[in-house]
Amino acid sequence: MWQSFHIFYFVCIFISFTHTQVLYQCNFDGANENCFDSTPPIAVTASVNVAGPVAPSAALSDVSSIIKPTANGEMCVLPYKVATYTWDMYFCNKGFCPTASSPNSTCATGKYGNIALNNNQMRIFQLKTETGGINGKDQQCLIYYYYMPVVGDKIINIRQEEVDGGSVIIDSVTSSPFNGWIVRRVSFNAEAPGYKIYFELQRTNGFQIPNIGLDEISIHQGSCEDEPITDTPATTPVSITTAITVTTTTTPTTVTTPATTSTTTTTTASSTSTPTTTITTTTPTTTTPSTTTGSLTTTPTTITTTTTTITTTTITTTTTTITTTTITTTTTTTTTTTTNTPSTTTTTPTTTTSTTTTTTIPTNPPSTTTTTQVLYQCNFDGANEICFDSTPPIAVTASVNVAGPALPNGALSDVSAIAKPTANGEMCILPYKVGTYTWDMYFCNRGYCPTASNPNSTCTTGRFGTMPLSNNQMRIFQLKTETGGINGKDQQCLIYYYYMPVVGDKIISVRKEEVDGGSVIIDSVTSSPFNGWIVRRVSFNAEAPGYKIYFEVQRTNGFQIPNIGLDEISIHQGSCGM
């Protein structure tokens with residue numbers, strides 16, 4: 001009985017985690033750390049110039065200064081104004097930035113790579129590794145931050161060179177949606193380990209000298225769609241404007257990679273003279289589909305039936321699991337105990353759910369593991385799936401209107417349409433132009449978008465929540481859960497996407513209500529840096545499990561009817577900065 005209790009206890013406390021295998025990582029912050037092999041070497045600095053009356057033409061702080069907490073534990077509130085200057089500031093100013101509780105909190109410090117393009121010559125920078133190449137194969141995810149000012153015409157190309165000498169441009173940027181650090185997530189395929197990555201920078205026109213910045217460069221095994229969301233700086237309570245990132249991803253090659261799991265179990269049993277105890281465990285055959293989102297491939301995973309009878313006092317079990325599998329299993333455990341008295345059979349059904357499990361295998365260079373426990377997740381895509389409890393309920397749709405001559409006033413597709421690969425396995429290239437319209441398009445257009453090899457590839461379909469603000473009444477939407485609250489405690493990370501058009505004055509406030517009734521606004525946005533989906537990452541603290549989250553949406557002025565969109569809402573254990 002004691003043994004069967006511990007078996008049952010182990011199953012019940014099992015928690016799911018997400019891990020990431022990192023093949024390459026560099027951020028210039030170490031002593032003499034340079035992420036590139038190049039002649040001349042890239043300049044490494046903590047800042048180029050300081051804030052002045054004119055908008056910066058170079059990064060005034062590195063990426064870590066705005067994505068890591070300041071000295072008081074809170075995140076920078078970005079953007080903000082410096083003195084009487086009219087432009088928006090997306091950096092720390094001389095090592096300080098405003099937070100929720102302080103106008104001048106000390107920023108985290110770091111360095112980045114900077115290149116002044118004083119002529120039209122191309123600069124080529126190869127990622128620096130011990131072996132000269134990246135030890136990865138099949139689907140890969142390159143993540144990097146870049147800074148690109150508005151002055152001059154310039155371009156950043158990312159080129160991948162295979163071991164056999166073949167090369168291809170896997171990413172290209174020529175502009176920036178705002179004057180700050182922008183994150184790029186690029187999915188690509190590697191035919192063999194040892195490939196190389198080159199950053200090629202060039203001023204293509206003009207006489208001004210733009211300063212290009214690069215920082216926080218990493219390569220991960222698997223498609224970027226398999227990675228935990230880590231796109232934008234975390235925010236703290238009463239963050240008044242958004243710090244966004246553009247997550248346009250291009251994939252020149254589509255590869256199908258099956259996901260398999262190999263498990264080795266070793267059992268050691270020793271017999272004694274004590275009365276015989278027989279434990280019989282029966283695991284029924286279960287077939288569970290494992291979906292690899294990045295390559296749009298579904299691979300069935302089968303758990304075979306095993307029956308093990310052991311006469312034992314001590315059982316030692318060692319299990320080794322290799323590679324990645326997402327499994328949901330139901331296990332029925334039958335325990336039969338035989339004694340001198342008549343036998344009694346007790347059957348206890350036990351259910352174990354594993355949301356995402358990936359085990360990192362040590363590589364050269366060594367890998368890094370990131371762990372995320374998901375407490376809540378909703379995206380409106382399921383049948384009758386509504387993420388909120390509200391009266392009236394939020395409207396759920398796949399699109400608000402279609403593209404026309406005027407800038408959209410509602411989201412034209414959901415988040416998954418632009419965050420997941422299209423039918424040809426490539427990502428949408430955003431923004432783009434529709435017909436002769438002059439505005440930038442950040443959505444799929446009637447189910448299609450341009451990719452690297454196709455001007456009209458079929459987008460992934462999904463839905464989102466939308467609300468037209470036809471008056472100044474506040475709409476309140478509580479996150480819908482089975483228990484009415486979120487089962488988390490201490491540091492938490494709320495991630496959500498919002499759409500907010502340019503028309504009218506409006507506000508989205510996110511309010512947390514504790515079990516004891518105390519509440520606080522943990523996030524607030526009143527505008528959007530561009531006319532598309534913006535991701536928010538909000539770090540906050542929960543005193544006890546069972547807290548509630550409310551989205552409060554309101555038009556504060558004007559007569560126009562803005563359509564607010566919400567999608568891909570999740571809450572994770574731990575700070576967003578972890």
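# Asking how we know: strands, burial and bridges

Visitor: Where is Asp-490?

Guide: Asp-490 sits in strand β32 (residues 490-499). By the way, you're looking at a predicted model, where local features need pLDDT of at least 70, side-chain atom pairs count only at pLDDT 80 or more, and totals for chains, interfaces and linings use all residues. Residues are numbered from 1 along each chain as its sequence is written, and side-chain values use heavy atoms, with hydrogens and water left out.

Visitor: What makes something a strand here?

Guide: Strands are DSSP runs of E, at least two residues long, while helices are runs of H or I of at least four, and they are numbered from the N terminus. Residues 490-499 make up β32.

Visitor: Why is Asp-490 called partly exposed?

Guide: Buried means under 20% relative accessible area and exposed means over 50%, with partly exposed in between (1.4 Å probe, protein chains only). Asp-490 comes in at 41%, so it lands in the middle class.

Visitor: What else is there to say about Asp-490, say its phi?

Guide: Phi of Asp-490 is near 70°, a positive value in a residue other than glycine. Most residues other than glycine have a negative phi, and most peptide bonds are trans. Phe-380 also has a positive phi, about 70°, and isn't a glycine.

Visitor: Where is Phe-380, then, and is it buried or exposed?

Guide: You'll find Phe-380 in the loop between β25 (373-378) and β26 (388-389). Its relative accessible area is 0%, so Phe-380 is buried.

Visitor: Which peptide bonds are cis?

Guide: The one from Leu-78 to Pro-79 is cis, with omega near -10°, and Pro-79 lies in the loop between α2 (64-67) and β4 (96-97). A cis bond also joins Leu-430 and Pro-431, with omega about -10°. Pro-431 belongs to the loop between α3 (415-419) and β28 (448-449).

Visitor: How do you know that Cys-378 and Cys-387 form a disulfide?

Guide: A disulfide is a pair of cysteine sulfur atoms within 2.5 Å. The sulfurs of Cys-378 and Cys-387 are 2.0 Å apart, so the pair qualifies. The torsion about that S-S bond is about -85°, so the disulfide is left-handed. Cys-378 is buried at 7%, and Cys-387 is buried at 0%.

Visitor: How many disulfides does the structure hold?

Guide: Eight. One of them is Cys-92 with Cys-107, whose sulfur atoms are 2.0 Å apart. The torsion there is about -100°, so that disulfide is left-handed. Cys-92 lies in the loop between α2 and β4 and Cys-107 in the loop between β5 (105-106) and β6 (112-116), so the pair ties together parts 15 residues apart in sequence. Both Cys-92 and Cys-107 are buried.

Visitor: Which parts of the chain does the pair of Cys-428 and Cys-449 link?

Guide: The sulfurs of Cys-428 and Cys-449 are 2.0 Å apart, and they form a disulfide. Cys-428 is in the loop between α3 and β28, and Cys-449 is in strand β28, which puts these distant parts 21 residues apart. The torsion about the S-S bond is about -90°, so this disulfide is left-handed.

Visitor: What makes β9 and β12 a pair?

Guide: Two strands pair if DSSP finds at least two bridges between them. Strand β9 (residues 153-161) and strand β12 (residues 196-205) have nine, in the antiparallel sense, so they clear the bar. Asn-157, for instance, has Glu-200 in β12 as its bridge partner.

Visitor: How many bridges join β2 to β7?

Guide: Two, running antiparallel, so this pair meets the minimum. The partner of Asp-37 in β7 is Gln-126.

Visitor: In what order do the strands of the open sheet with β2 and β7 run?

Guide: The five strands go β2-β7-β12-β9-β10, with antiparallel pairing. The edge strands are β2 (36-37) and β10 (167-173), each pairing on one side only.

Visitor: Why is Ser-539 called buried?

Guide: Ser-539 has 6% relative accessibility, so it counts as buried. Its place is in strand β35 (residues 534-542).

Visitor: What makes the link between Ser-539 and Ser-575 a polar contact?

Guide: A polar contact is a pair of N or O atoms within 3.5 Å; within protein, one must be able to donate a hydrogen and the other to accept it, and residues adjacent in sequence count only if both atoms are side-chain atoms. The side chains of Ser-539 and Ser-575 make theirs at 3.2 Å, so the distance fits. The Ser-539 side chain also reaches the backbone nitrogen of Cys-576 at 2.9 Å.
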